[in-house]
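Opening a fresh page for this one. I want to go through confidence, the sheet and the pocket, and jot down what I find.

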Amino acid sequence: MSDAASAPYAADRRELTAAQRNAVAELLRVSPVADELGRRFAKAGHELHLVGGSVRDALLGRLGNDLDFCTDALPDETLRIVRGWAESIWETGREFGTIGVQRDGLLLEITTYRAEVYDQVSRNPVVQYGTSLIEDLKRRDFTINAMAVSLPDHRFTDPYGGLDDLAAKIVRTPASPEESFRDDPLRMLRAARFAAQLRFAVHPDVREAMTRMAADLDRITAERIRDEFTKLLCGADPITGLRLLVDTGLAERFLPELTGLKLEIDEHAQHKDVYEHTLTVVSNAVSHEDEGCDFILRMAALMHDVGKPATKSVGPDGRVSFHHHEVVGARLTKARMKALRYPKDVTAKVTALVALHLRFYGYGRGEWTDSAVRRYVADAGDLLPRLHKLTRSDCTTRNRRKAAQLAADYDALEERIARIAAEEDLARVRPDLDGNAIMELLGVPPGPVVGRAWKHLKDLRLERGPLERDEAEAELLRWAREQGVVE
């Protein structure tokens, strides 16, 4: 990009802002491909603009390899322009006016100008093609996503003040918030998501509209809500996003368990604020991540105490308890994630962590045998590293002595697990006899008896550790006689 080419970023010839300089530097990297594509569209008599999140991210100095473009060319014309130039083409988004292209390691999505309309009842937009860049930008969700850079001449277009909002770290809508959210209620959730991802504040007018129109989120499919919420929880500052969901009433529409954590605390039945505790646990979990977002860990941290409202009781002495809240919480977590259409394997892992998160407490009293440690490891399975992190995150007491004792206790447990694991290969706890050996010794065919025998030997292995072959066979025969399997 030449100096002359980059000059139009400052439309009135003012010195480039820091954000605009970021954009120039970022676009230098992708401009060989982007400019070449722009020239192809121009030669065919069409416009092409880098747009939306790509411009926002370029201004933030974090442009990735996925680039979004808009054009006045219809999808068929776009296909004619990119054929023979693109290394690969996909048309999965064609019904929405989008053609996908790959070139030199970049993924390019080229969408015809749109002027989406909604019937206020259906859950998805009805796509209508627009006629101008300004019209296309106006229908976008927020001003920070309503900026464009024309190609190949690099003209910067910002009709709604997105650059100023980006500098002020504000989430604001191009049109009125009511009009924007009426068109697509999911944008309310997206506002909270951007607050979490970018650490931006939501404009008061936007926040007020979110509160007033929260019930409109019921028009949106569970899958679209799930995807936005996942991005929110994986944001750099999920706590800000979660608070916004609760304060505006949006959480009540799709995650009422979160709002339900705001238990009443009175002077006669004091207990810690479960809602604030939960947000602290989520924050702690983020700090324990090795690299990138661990959604399973964050979701387990968010849901670990959702069983408390249903299990709260006050004893004769005025003390509050939540007996078996981990069991109830696991059940509620499974149901909620199923309703949000999360994959079964993800749901199972989060649910298991919620069910196991209290298991550690009591270890410091010295009641755990080696058998209890083996069962802890076996029940956690490949979730053990996450369970370690969740358990440590759950310690939010302000009592320094108590916090230090809990940390020391868990250090001791991890050291004990490591010692037993080194001796017994805990990661692959199996019975001392496999299925073939069981069938041969008992003289039985494959079937339920073998499964029962296998489970008995595994329980024995967890209880007593590794057994010698002769000892394992003797225990199997003893069990088989008790069960009437053999004489």
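Before sorting any lining residues, I fix my classes: Asp, Glu, Lys and Arg are charged, Ala, Val, Leu, Ile, Met, Phe, Trp, Tyr, Cys and Pro are nonpolar, and the others, Gly among them, are polar.

**Confidence.** This is a predicted model, so I checked pLDDT before anything else. The protein chain has a mean of 86, and 89% of its residues reach 70 or more. Residues 1-15 stay under 50. For that stretch I noted 26 contacts beyond four places in sequence.

**Pocket.** I looked up the largest pocket and got a volume of about 1,500 Å³. Which residues are closest to its centre? My list reads D68, E109, R114, R140 and R190, out of 42 that line the pocket. Next I asked which elements give two or more residues to the lining. They are helix 3 (53-59), strand 2, strand 4, strand 5, helix 8 (186-198) and helix 10 (222-233). Helix 8 has the largest share, with 6 residues. With the classes above, I get 18 charged, 12 polar and 12 nonpolar residues in the lining.

**Sheet.** Since strands 2, 4 and 5 turned up in the lining, I traced the sheet as well. It is open, has 7 strands in the order 3-4-5-2-1-6-7, and its pairing is mixed. Why do strand 3 and strand 7 each have one side without a neighbour in the sheet? Strand 3 (88-90) and strand 7 (156-157) stand at the edges with a single partner strand each, so one side of each is left free of a neighbour in the sheet.

Helix 4 (residues 75-82) packs on this sheet, and I logged its touches on strand 2 (66-71), strand 3, strand 4 (98-103) and strand 5 (106-112). The direction of helix 4 makes about 15° with that of strand 4.

**Pairings.** I went through three of the strand pairs.

- Strand 2 and strand 5 are parallel, over 6 bridges; L67 has L108 of strand 5 as its bridge partner.
- Strand 1 (residues 48-51) runs antiparallel to strand 2, joined by 3 bridges; H49 sits opposite C70 in strand 2.
- Strand 6 (residues 148-150) and strand 7 are antiparallel too, joined by 2 bridges; V149 has F156 of strand 7 as its bridge partner.

**Side note.** I reminded myself that in a regular strand the side chains alternate between the two faces of the sheet.

Note on methods: Residues are numbered from 1 along each chain as its sequence is written. This is a predicted model: local features need pLDDT of at least 70, side-chain atom pairs count only at pLDDT 80 or more; totals for chains, interfaces and linings use all residues. Side-chain values use heavy atoms; hydrogens and water are left out. Two strands pair if DSSP finds at least two bridges between them. Helices (H or I, at least four residues) and strands (E, at least two) are DSSP runs, numbered from the N terminus. Contact means heavy atoms within 4.5 Å. Axes are lines fitted to C-alpha atoms, for helices over the stretch in contact, and angles run from 0 to 180 degrees between N-to-C directions. On a 1 Å grid over the protein atoms alone, a cavity is a set of points where a 1.4 Å probe fits but cannot get out, and a pocket is an open set with protein on both sides within 12 Å along at least five of seven lines; lining residues have an atom within 4 Å of a point. Grid points are joined across faces, edges and corners, and a volume is the space filled by probe spheres set on the points. pLDDT is the predictor's confidence in each residue, from 0 to 100.
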